[in-house]
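Visitor: I have a structure to go through before I get back to the bench. Can you take me around the spaces inside and a few odd residues?
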Amino acid sequence: MDKFNKLSGIAAPLPLINIDTDMIIPKQFLKTIKRSGLGVNLFDEMRYDDDRNEIPDFVLNKPQYRNAEILVAGDNFGCGSSREHAPWALLDFGIRCVIAPSYADIFFNNCFKNGILPIVLPQEQVDILMKDAEKGANARIEVDLDAQTITSSDGEVFTFDVDPFKKHCLMNGLDDIGLTLEKKSSITSYEAKLASERPWV
Amino acid sequence: MSPKTLYDKIWDAHVAHQAEDGTCLLYIDRHLVHEVTSPQAFEGLRMTGRTVHAPDKTIAVPDHNVPTTLDRAKGIENEESRIQVEALDKNAKDFGIHYYPVSDIRQGIVHIVGPEQGWTLPGMTVVCGDSHTATHGAFGALAHGIGTSEVEHVLATQTLIQKKSKNMKVEITGKLLPGVTAKDITLSVIGKTGTAGGTGYVIEYCGEAIRDLSMEGRMTVCNMAIEGGARAGLIAPDDKTFAYVMGRPHAPKGAQWEAALAWWKTLYSDDDAHWDKVVTLKGEDIAPVVTWGTSPEDVLPITGTVPAPADFTGGKVEAAKRSLEYMGLEPGTPLNQIKIDTVFIGSCTNGRIEDLRAAAEILKGKKVKDGMRAMVVPGSGLVRAQAEEEGLAQIFIDAGFEWRLAGCSMCLAMNPDQLSPGERCAATSNRNFEGRQGRGGRTHLMSPAMAAAAAVTGHLTDIREMM
Ligand code: SF4
């Protein structure tokens, strides 16, 4: 997993609530057995028409947002299916950070496992950044994970919360499984206890 | 000892390690696996030279991609789907995990197979790379969906890195009125709390109306906890739970059964346990409901009318506008006048035997309206066999329904069972998202009896008029 520290990038505005993972990556692209290559199908049904031509109005099809690295969105982003293909598609497109008032639980976790930082901000602050994002390529938003700040293109600074453990993993690009296996003895002793207390498991 | 909720008790019994900041390694008792969200996880194990830590606690079954047509023995036509199912065949074999291949009569939707085979037991932690894992909460098991990286983590370590969620109580008091089902309860709760209302919580469903439900009804309720945003949904186990579990192939037997039972009986929320949020609905206030929009929170009683964007506030105004346009609906239209093209009965929400019985009850001696497409997809091969034995299959066939083999089918349309653009479907599944059942397809969620009624009349129908 790539380390995440600072990011200064173009933010694409997507002012919709309840953007579900079916929208982010429709099921026909879940048939892959790989993690890569999903970026072209990110938001597929909103991005292309029936003949697979790009829909010019969709934000990521606009020239100024083709290189967006940040997405600013509405409430409950990433709800629905647990598919990790959603963060894989975002990452493959180039999105490293999402800013929204709230996220669905599984999607939120999945982001951290893939080097994407999902930031929660109050609606008023998301509204300000949404306006900022609407300015297009001239407006770069800066995200500093270490300092836990976002700086708008006007220089306005917002602070955000992040779980310290998740922050540590993201900043160092750490593999969760490796970390857990370091605690293998706790798992083995739990299993010994389980075998005597609840042998039917 | 301080009073605990059911969730607190199950959580405490599964913490293998706790860090100072409260991050825990939660031990996982059952790991269910399907073909769509697992190939990358097994590949990850291979690349790092890791193995499956507890293969005897890992159960795999292909369900999302499998064809449900009667000729499926001839194989999967779509190459990518076929590769995905073949990858699961191989991974199950290579890593030595329990497996129900497509050719096995026990094959079906993973959330139906788990309980049916007795893999799901009270007080367990159950995970699966699938959001509807919440279903297993009906047994008083802490069950939730995970992403593929977490699938790999559980395969390699049999644990998950977790922080505890908050406790939410959803109480349904009193009795349900005739025609009102578990599906109407769960949809009505989401209608009330919204799709983000449960975010950050584990819900425990309780109250007389929940106690009165069968195990299958309870599974329907918990199945959609995720649609309310919750990490998991739980129902305290009781005699109905124990009776359902007893004698199933992988349920404990003999002395182990007695020991298990003794522990299971301690699994309830203490009287003065702390709840971070409480929602109460009166059973008598719940009507047969349908969804009108493209979010599961877009729920109304069948006696209602299509709302207008102006009826909402905030971000929902724009969302409602978009939904109505997508659904091709005019505000003010009575819901029971909405014409339907297709009926889909099945899914892990409503693909069990009682669901098929409820639908067949309505269809007995009746016909699917001319020009409509209707299909029943049983949740497992065993459900299908039982429905044939009880004569339900014949009722469906006589009415003009297609009688399919088990799988996810048109719930998410990864296999060839799909809606075409503009096609309107009465579905017993759980998601009415844009494109969920096929690009441009329009989904109305409802109970099996309501879906059957729509098949007969050709429009959304108040089931109480047919009883
Ligand atoms: S039936 Fe539908 S919701 Fe259930 S597991 Fe299959 S695709 Fe998911």
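Guide: A definition to start with: helices are DSSP runs of H or I with at least four residues, numbered from the N terminus. Bear in mind also that this is a predicted model.

Visitor: Fine. Which element gives the largest share of the lining of the second largest pocket?
Guide: That is α11(B), with 5 residues.

Visitor: What volume does the second largest pocket have?
Guide: About 620 Å³. The second largest pocket is lined by 28 residues, and the closest to its centre are E45(A), M46(A), I55(A), R322(B) and E434(B). Two or more lining residues come from each of α1 (21–24) and α2 (44–47) of chain A and α11 (315–327) of chain B.

Visitor: And the lining of that pocket by class? How many nonpolar, polar and charged residues?
Guide: The lining of the second largest pocket has 13 charged, 12 nonpolar and 3 polar residues.

Visitor: Now closed spaces. How many cavities of 30 Å³ or more does the structure hold?
Guide: There are 4 of them. The largest cavity holds about 220 Å³ of space. Its lining has 25 residues, with H64(B), D130(B), H132(B), L412(B) and R436(B) the closest to the centre.

Visitor: Which helices supply at least two residues of the lining of the largest cavity?
Guide: In chain B, α4 (110–116) and α12 (347–350) each do that. By class, the lining of the largest cavity has 11 polar, 9 nonpolar and 5 charged residues.

Visitor: Where does the ligand sit?
Guide: The ligand takes the space of the largest cavity.

Visitor: Which residues surround the ligand?
Guide: They are H64(B), I109(B), H111(B), D130(B), H132(B), S347(B), C348(B), C408(B), C411(B), L412(B), N430(B) and R436(B). That shell divides into 5 nonpolar, 5 polar and 2 charged residues.

Visitor: What about the second largest cavity, how much space lies in it?
Guide: About 170 Å³. The second largest cavity has 17 lining residues, and I17(A), N18(A), M23(A), T294(B) and A319(B) lie nearest its centre.

Visitor: Which element gives the most to the lining of the second largest cavity?
Guide: α11(B) again, this time with 4 residues; in the second largest pocket, α11(B) also has the largest share of the lining. By class, the lining of the second largest cavity has 7 nonpolar, 5 polar and 5 charged residues.

Visitor: Change of topic. How many helices and strands does chain A have?
Guide: Chain A has 8 helices and 7 strands. Its C-alpha atoms fill a box of roughly 60 × 40 × 25 Å along the principal axes. Chain A has 201 residues, and 59% of them count as buried.

Visitor: How many aromatic pairs are there over all chains?
Guide: A search of the whole structure finds 17. One of them is F77(A) with Y103(A), an edge-to-face pair at 6.4 Å centre to centre and 85 degrees between the planes.

Visitor: Where in the chain are F77(A) and Y103(A)?
Guide: They are 26 residues apart, and the pair links distant parts of the chain. F77(A) is in the loop between β2 (70–73) and α3 (85–93), and Y103(A) is in the loop between β3 (97–100) and α4 (105–112), both in chain A.

Visitor: Buried or exposed, those two rings' residues?
Guide: F77(A) counts as buried because its relative accessibility is 0%. Y103(A) has a relative accessible area of 5%, so Y103(A) is buried too; the cut-off for buried is under 20%.

Visitor: Which residues form the aromatic cluster with them?
Guide: F107(A), F108(A) and F112(A) join F77(A) and Y103(A) in one aromatic cluster.

Visitor: Last topic, backbone oddities. What is phi of F43(A)?
Guide: Near 50 degrees, a positive value in a residue other than glycine. Most residues other than glycine have a negative phi. F43(A) lies in the loop between α1 and α2 of chain A, and F43(A) counts as buried because its relative accessibility is 0%.

Visitor: And phi of Q158(B)? What value does it have?
Guide: About 60 degrees, positive although Q158(B) is not a glycine. Q158(B) is found in the loop between α5 (148–157) and β8 (159–162) of chain B. With 0% relative accessibility, Q158(B) counts as buried.

Definitions and conventions
Residues numbered from 1 in each chain as written. Chains lettered and ligands numbered in written order. Predicted model: local features only at pLDDT ≥ 70, side-chain atom pairs only at ≥ 80, totals over all residues. Heavy atoms only, no water. 1 Å grid on protein atoms, 1.4 Å probe; cavity = no way out; pocket = protein on both sides within 12 Å on 5 of 7 lines; lining within 4 Å. Points joined across faces, edges and corners; volume = space filled by probe spheres on them. Nonpolar A, V, L, I, M, F, W, Y, C, P; charged D, E, K, R; others polar. Near = heavy atom within 4 Å. Sits in = over half its atoms within 2 Å of the grid points. Phe/Tyr/Trp six-rings, centres within 6.5 Å; stacked < 30°, edge-to-face > 60°. Buried < 20%, exposed > 50% of the residue type's maximum accessible area, 1.4 Å probe, protein only.
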